[in-house]
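Me: Could you take a close look at one part of this model for me? I'd like a connected walk through the backbone there, and then whatever helps me place it.

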Amino acid sequence: MSAAVTDSGIAPRGTPGGRGTRRRRVTIAGASPRAHPVGITGGPSNRLTIVMALFTVYTLLPLAWLLINATKTQQALFSSFGLWFSGPFAFVDNVRQVFAFDDGIFVRWLGNTLLYVVAGAGGATVLATFAGYGLAKYDFPGKRAVFGVVLGAIAIPGTALAVPTFLMFSQLGLTNTIWAIIVPSLVSPFGLYLIWVYAVDAVPYEILEAARIDGSGEWRTFFTISVRMLAPGIVTVLLFAVVATWNNYFLPLIMLSDPNLFPLTIGLQQWNLRATGVSASPIYNLVITGSVLAIVPIVVLFLFLQRYWQSGLAAGSVKA
Amino acid sequence: MSASAPPAVARRRPRSFVGLGFTAPFLLVFAFVLITPVVYSLYLSLFRDRLIGGRSFVGLSNYGHVLGDPKFWDGLGRVGLFLAVQVPIMLGLALVAALAIDSGRLRGASFFRMSVFLPYAVPGVVAVLMWGFMYGDQFGLAANLNDLIGSDVFRPMTPPWILVAIGNIVTWEFVGYNMLIFYSALRSIPHDLYEAAALDGAGSLRVVRSIKLPSLRPAIAIATIFSIIGSFQLFNEPNILRTLIPSVISTYFTPNMYAYNLSFVGQQYAYAATIAIVMGVVTAVIAYVVQLRGNREARS
């Protein structure tokens, strides 16, 4: 059965790619999603619920630890049990200190992170959407090669490229600039793949054909019609690109040396490093509170856009 | 719209440069940030940096050096062990969670789905700092636990436990992401299969074994490949923990850390590039073998 469902994606449509393609299978979930989960036998199971509740304790406990300890002063951190409140409620004061420390460098880092996310993840989504759509809906010379190279790129260890990318950028004078972070973030082979898979089914050829007959150009059709049909896929790619750039650590670590260009991730680690070395002056309370502030926006984003990314991911639910 | 649309549709597609126009912007940036560095590192790997005399052509001898470098093998062995233990545990947990959430027998399934996924949204740096604090003997939970039982058994930041400690962090970060991949695949199983199974009197476990697990095979394959790539790339977690416990985690703890330290501390760029290429090849070969095996099983 799995073959019947999964073989239906890109391959049988005559997408080029030869051997590679035939082996790749894509599940198109949008085809017949179930409205509700299906239980074959029985109603809710208490045992299962308890097992999952225990698992949730594991996934949420560190976050609880972080929230609780963001309410403690530096002194109380060391003298109290980690999973309960202690000492004066210092959260508000901690937040104030985070923003005031070092002439408000945290605000600068937050702004940098937003810039990298908007330009990097936004750009990556636009490029992946154009390209995925182009590959799904048109034939053009060299498409077979594009297919192979891009899918191969998904398997290239990103960090393996870090050293050569750094050397190349440093010869071009791009290191220690915002471009060193933004430009590499613009490429998301996985995002392209997801849009491609999504566009195959989400945008029917009949509609493109009808638009053509009405005299609409291909780009105009894309911007007025196709974009809307691709929306859940685009939101999904955007969200995962946002997470990737918001959480980016390795790239800024090697590319940037000017603290004024740091994103939050590198900045927080720098604060953490104050606890070691010769002139150690730990500010753990600020590291912890700063971490909370770095998590909140991204979690809120995920919660708000839940409906979109879950349907987008289901449709792309990908297999190699 | 249907997954089984007739392939004939493909023939009506216009063959023109319009599609290339859509794809070109991506390809330009792709060539700049992915292809060029690969080519450049291949070129670099043929040279050697010396403090005196500068850069000289040495052919393939860097590759020979890497293959005879005990520090490289030490790191590779460690990520290999990590891969063999951590990946099955993480994917197993993710699979069980996905099946449970999809079973329809869970109270508050959407709460569980979100809670399990949530750690993925936490920046890796924050995750490591958080767990690092919790592992710590100053004000961490490990210290609290040791106080409680009056011993010092819980010492995750010491040599015998450090790999387990890192494995736990990585599992925590990515179990939800993998759960979501599996869950999405489960949701795509056509409803009528379940109805047919119910008519045949199949129980929950039987449905899991005969319908759900076979349908999940492609999703498991891709999650495995991504996890293999992730394991070989292991860098962030040990590198950040290293700032807390430099004596426990060496500069060549993983091949990636070795390459990083060689280039940014030791200025041995050519040798670092060689390690990066060797690791890229190792990763690609293993991912390919896993995929081949997965396909063979799927066919049989």
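Reply: Let's settle exposure up front: a residue is buried with 20 or more other C-beta atoms (placed from the backbone) within 10 Å of its own, exposed with 12 or fewer, and partly exposed in between. This is a predicted model, where local features need pLDDT (the predictor's confidence per residue, 0 to 100) of at least 70 and side-chain atom pairs count only at 80 or more, while totals for chains, interfaces and linings use all residues. Residues count from 1 along each chain as its sequence is written, with chains lettered from A and ligands numbered from 1 in the order written.

Now to Asp102(A), which sits in helix α5 (residues 91–137) of chain A; helices here are DSSP runs of H or I, at least four residues, numbered from the N terminus. Asp102(A) isn't a glycine, yet its phi is positive, about 55 degrees. It has 13 other C-beta atoms within 10 Å, so it's partly exposed. Asp103(A), also in helix α5 of chain A, is another non-glycine with a positive phi, near 60 degrees. Asp103(A) counts as exposed because it has 8 C-beta neighbours inside 10 Å.

How far to trust the chain around them? Chain A averages a pLDDT of 79, and 80% of its residues score at least 70. Among its elements, helix α8 (residues 179–185) has the highest mean, 93, and helix α1 (residues 2–6) the lowest, 33. Over residues 1–40 of chain A, pLDDT stays under 50.

Note on methods: Helices (H or I, at least four residues) and strands (E, at least two) are DSSP runs, numbered from the N terminus. Two residues are in contact if their C-beta atoms, placed from the backbone, lie within 7 Å.
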